[in-house]
Amino acid sequence: METAEGAGGPGGPGPCCVSFNQDSTSLAVGTKTGYKLFSVTSVDKLDCIHESTETPDVYIVERLFSSSLVVVVSQSMPRRMNVYHFKKGTEICNYSYSNNILAVRLNRQRLVVCLEESIYIHNIKDMKLLKTLLNTPSNPSGLCALSINHSNSFLAYPGSDTIGEIIVYDANNLSTVTMIPAHDSPLAAITFSASGTRLASASERGTVIRVFSIPEGLRLFEFRRGMKRYVNISSLSFSPDAQFLCASSNTETVHIFKLEQHSPSGEEEAPSWSTYVGKMFTAASSYLPAQVSGMMSQDRAFATVRLQMIGQKNVCALATIQKLPRLLVASSDGQLFIYNIDPQDGGECTLVQKHRLFGSDKEWEETEKSELMEPPQACQSYAATVAIPTSGPVTATLTGYSEDGGAKKGEVIPEHEFAAGPVCLDDETEFPPINWCRDGSGRGKGRRP
């Protein structure tokens, strides 16, 4: 899922990143002292199910569904990915790469690591490197999306650094599927629906959001977030049934769009003022330039949320909690907001709960008071976060092998540290176990037990 980076300040408690897991049942928070995992299955209660202080300055933390597998990347070693079984307190393995890791994506079949100009696809069952996509267009924000449906394990990433092209790649069969000319300006956000059959995108302008069919790449919907100003869209997320799509940005408003096909023109509709005006616009658009008529035919938001903060980077998700549709917004200042959504009439969503992700009540009261007096500071981007010079230990460079040319081309330098004995996830019937272990030679080569 989408990730938002924070800027807590030197020594401050603020999170470095927040991210939802694939089905939005869990929230991961990376901080200067480690990371936390929360269960998001209740509105009134936010349970911290795991906390680690072994790794400082965590700026990427991703959990595989509700399993015990979690991937962590730290600013102290931004080229190294650590994979843990957090309930057993063991490290499954770690990999080091030729450059800083900007994003990690997971499903039950694949683990994808995104660098600025390359992408690595691993088999999540044994962490074997299956494919290296080299010389991809410059992607300093690490923008990529992986379908959570392991049967439709599609990967999407920018096909250009100057216009909004999207490359759709089949991570199961390791082949390119299609290229979608999505926007005129570079991409800012992309995400798949849960089934992997729809892909939503937004450009750096942030005014138009488009939805495409996968794998065909046909445009299905086009939504206008706004016309007055360009914004930085930080997060896109489908509802579990792909009937709704939410978008959050650096403004105070989160937009929720309804993905429904309009009635055929010949079908009778109940007469109303909005229907009458809509027909007038439709008729008028045929006489206007294509750009103007396109703007008039775009759908506006079905529902909206007015956030209590502005300027804070955030990540949003649509989920069903306690049998009701909810909008979740996790902010980079360490708050989780839960809103109710009216699936029939839309409109302004209602805030039902706010949770603090760290700190004591007294600390938060003082923080909230100071925020009322000072304007919020802009958060750092992924690129700025990982570019911070570090004085920590440098990962050892071991000569490794990959199927795309090995370490000579700088793709990946495997540095396995497998736990003693087989390491399996909790839900073995639902999640693929990682079952490599250290062999007797101690060279770190995996073997099947």
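**Strands, cores and pairs in a predicted model**

Me: In this predicted model, what is the order of the strands in the open sheet of four?
Reply: The sheet is open and its strands pair in an antiparallel way. The twist from one strand to the next averages 15°. Read across the sheet, the order is β18-β19-β20-β21.

Me: Which strands of this sheet stand at the edges?
Reply: A strand at the edge has a single partner strand, so one side of it is left without a neighbour in the sheet. That applies to residues 187-192 and to residues 219-224. The edge strands are β18 and β21.

Me: Which residue in β19 is the bridge partner of A189?
Reply: Strand β18 runs antiparallel to β19, which covers residues 198-203, and five bridges join them. One of the bridge partners in β19 belongs to A189. That partner is A202.

Me: Which strand gives the largest share of the largest nonpolar core?
Reply: This core has 25 residues, and M81, I101, V104, L111 and V113 have the most contacts inside it. Strands β6, β7, β8, β9, β10 and β11 each supply at least two of its residues. The largest share is four residues, and it comes from β9.

Me: How many residues are in the second, separate core?
Reply: The second core is separate from the largest one. Among its members are V18, F38, V315 and I321. Its size is 18 residues.

Me: How many residues apart in sequence are the parts tied together by R105 and E62?
Reply: R105 forms a salt bridge with E62, with the closest N and O atoms 3.8 Å apart. R105 lies in strand β10 and E62 in strand β6, so the pair ties together two separate parts of the sequence. Those parts are 43 residues apart.

Me: Is R105 buried or exposed, and which value shows it?
Reply: Buried means under 20% relative accessible area. E62, the salt-bridge partner of R105, is buried at 3%. R105 also counts as buried, and its relative accessibility is 8%.

Me: Which residues are linked with R219 in a network of salt bridges?
Reply: The side chains of R219 and E222 meet in a salt bridge at 2.6 Å, N to O. R219 is partly exposed, with a relative accessible area of 48%, whereas E222 counts as buried at 15%. The residues linked with R219 in the network are R210 and E222.

Me: Where does E252, the partner of R306, lie?
Reply: The side chains of R306 and E252 meet in a salt bridge at 3.6 Å, N to O. R306 lies in strand β25, so the pair ties together parts that are 54 residues apart in sequence. E252 is partly exposed, with a relative accessible area of 22%. Its place is the loop between β23 and β24.

Me: What kind of aromatic pair do F221 and F223 form?
Reply: A pair of aromatic rings is described by the distance of the centres and the angle of the planes. For F221 and F223 the centres are 5.9 Å apart and the planes are at 10°. Planes under 30 degrees apart count as stacked, so the pair is stacked.

Me: How many aromatic pairs does the whole structure hold?
Reply: Ring pairs link Y95, Y97 and Y120 into a cluster. F221 and F223, which are both buried, form a stacked pair. A search of the whole structure finds five.

Notes
Residues numbered from 1 in each chain as written. Predicted model: local features only at pLDDT ≥ 70, side-chain atom pairs only at ≥ 80, totals over all residues. Heavy atoms only, no water. Pairing = 2+ DSSP bridges. Axes fitted to C-alpha atoms, helices over the stretch in contact; angles between N-to-C directions. Core = buried A, V, L, I, M, F, W, Y, C linked by side-chain atoms within 4.5 Å. Buried < 20%, exposed > 50% of the residue type's maximum accessible area, 1.4 Å probe, protein only. Salt bridge = Lys/Arg side-chain N within 4 Å of Asp/Glu carboxyl O. Phe/Tyr/Trp six-rings, centres within 6.5 Å; stacked < 30°, edge-to-face > 60°.
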